[in-house]
Amino acid sequence: MSEFLKTALLAAQRADEIAMKYFREGVAVEIKSDQTPVTVADREVERVIIETIKNDFPDHGFLGEETGKSSNSSDYVWIIDPIDGTKNFIRNIPLFGTQIALMHRQTLIVGVSSMPAMGELLYAADNTAFFNGKPVRVSEIGEFSQAAISFAGLNRFPDHVKPERMFELFKSINRVRGFGDCYPFHLLATGRLEAVVQSYIHIWDIAALVAIIEAAGGKCTDFSGQPIGISSTDLLASNGKIHDKLLGFINF
């Protein structure tokens, strides 16, 4: 296990302890300028993650949802979403998780996604993905008639995505689900789902998950088929077998 991954896992462990301390305790909610919610749990989790990583890698940079981008110019940047699924967290729904990724010169090299209320820990480095300590791979399903896909929401598609094409897709695929945030990516990485479609997102929402899915043998692009980068705002993640066909529906 790389030193980067060891530190990321330690940070996630400490983050989980804080998140679970506040979960289902009725924490106060603030609304940020972008109209998204934040709690004391989000801020405390991000603080402890950064402190943990800085202890081992003081010269690295950071990009966090709550604290923004650090001012240094390191080739190594840690991308953090302290509680992905804050709306779930607030409403006592266990589908939330801490996201920690490390990007080196635009390449994601480490990803950790921990969902403590679900007892699920996904992580990846060196092109191998693990689920609760055991290696995992995406599914081998390549036919729509057998595939399951998750959308964050039908009201969260860019204008160029035609609703009628989405309904054609729904009719041709085996199962359509509506999980949001990090949970569907856990299902995808472990072979329990074949694709996830999400838009109106930020890199901290998806960086760790992209690293994990790709290490598990899957494929991740934006809706135009380009690789995921710092400025990406939408994501198609799949087992790779149905990726191009899905892009065809999205970009018809």
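In this predicted model, helix α6 holds a long run of buried residues: I203, W204, D205, I206, A207, A208, L209, V210, A211, I212, I213 and A215. That makes twelve of its 13 residues, so α6 is largely enclosed by the rest of the structure. The length of the helix can be checked with simple arithmetic. At 1.5 Å a residue, the 13 residues of α6 should span 18 Å, and the C-alpha atoms at its two ends are indeed 18 Å apart. The helix also bends, by about 25° at L209. Just after α6 comes G217, with a positive phi of about 95°.

What surrounds such a helix becomes clearer from the nonpolar cores. The largest of these has 40 residues, and the members that touch the most others are I79, L108, I203 and L235. At least two residues of this core come from each of β5 (76–84), β6 (97–104), β7 (107–115), β8 (120–125), β9 (128–131), α5, α6 (203–215) and β15 (234–238). Helix α6 gives the largest share, eleven residues. L108 offers a good place to look at the packing: beyond its neighbours within four places in sequence, L108 is in contact with I79, A101, L102, M103, A207, V210 and A211. There is also a second, separate core of 31 residues, and F4, F23, F96 and I100 are among them.

Helix α5, which spans residues 183–189, is the place of H186. With a relative accessibility of 0%, H186 counts as buried, because the cut-off for that label is under 20%. Setting aside residues up to four places away in sequence, H186 touches S113, M115, E120, L122, R192 and L209. One of these partners, L209, is the residue at which α6 bends. Another, S113, is joined to H186 by a polar contact of 2.7 Å between the two side chains.

Finally, the cysteines deserve a look. A disulfide is a covalent bond between the sulfur atoms of two cysteines. How many disulfides does a search of the whole structure find? The search finds zero. The spacing of the sulfur atoms shows why for C182: the closest cysteine sulfur, in C220, is 14 Å away, too far for a bond. Seen from the other side, the closest cysteine sulfur to that of C220 is in C182, again at 14 Å. A disulfide would need the two sulfur atoms to lie within 2.5 Å. As for their surroundings, C182 counts as buried at 0% relative accessibility, and C220 is buried with a relative accessible area of 5%.

Notes
Residues are numbered from 1 along each chain as its sequence is written. This is a predicted model: local features need pLDDT of at least 70, side-chain atom pairs count only at pLDDT 80 or more; totals for chains, interfaces and linings use all residues. Side-chain values use heavy atoms; hydrogens and water are left out. Helices (H or I, at least four residues) and strands (E, at least two) are DSSP runs, numbered from the N terminus. Buried means under 20% relative accessible area, exposed over 50%, partly exposed in between (1.4 Å probe, protein chains only). A polar contact is a pair of N or O atoms within 3.5 Å; within protein, one must be able to donate a hydrogen and the other to accept it, and residues adjacent in sequence count only if both atoms are side-chain atoms. Contact means heavy atoms within 4.5 Å. A nonpolar core is a set of buried Ala, Val, Leu, Ile, Met, Phe, Trp, Tyr and Cys residues joined through side-chain atoms within 4.5 Å. The expected span of a helix is 1.5 Å times one less than its number of residues. The bend at a residue is the angle between axes fitted to the seven residues ending there and the seven starting there.
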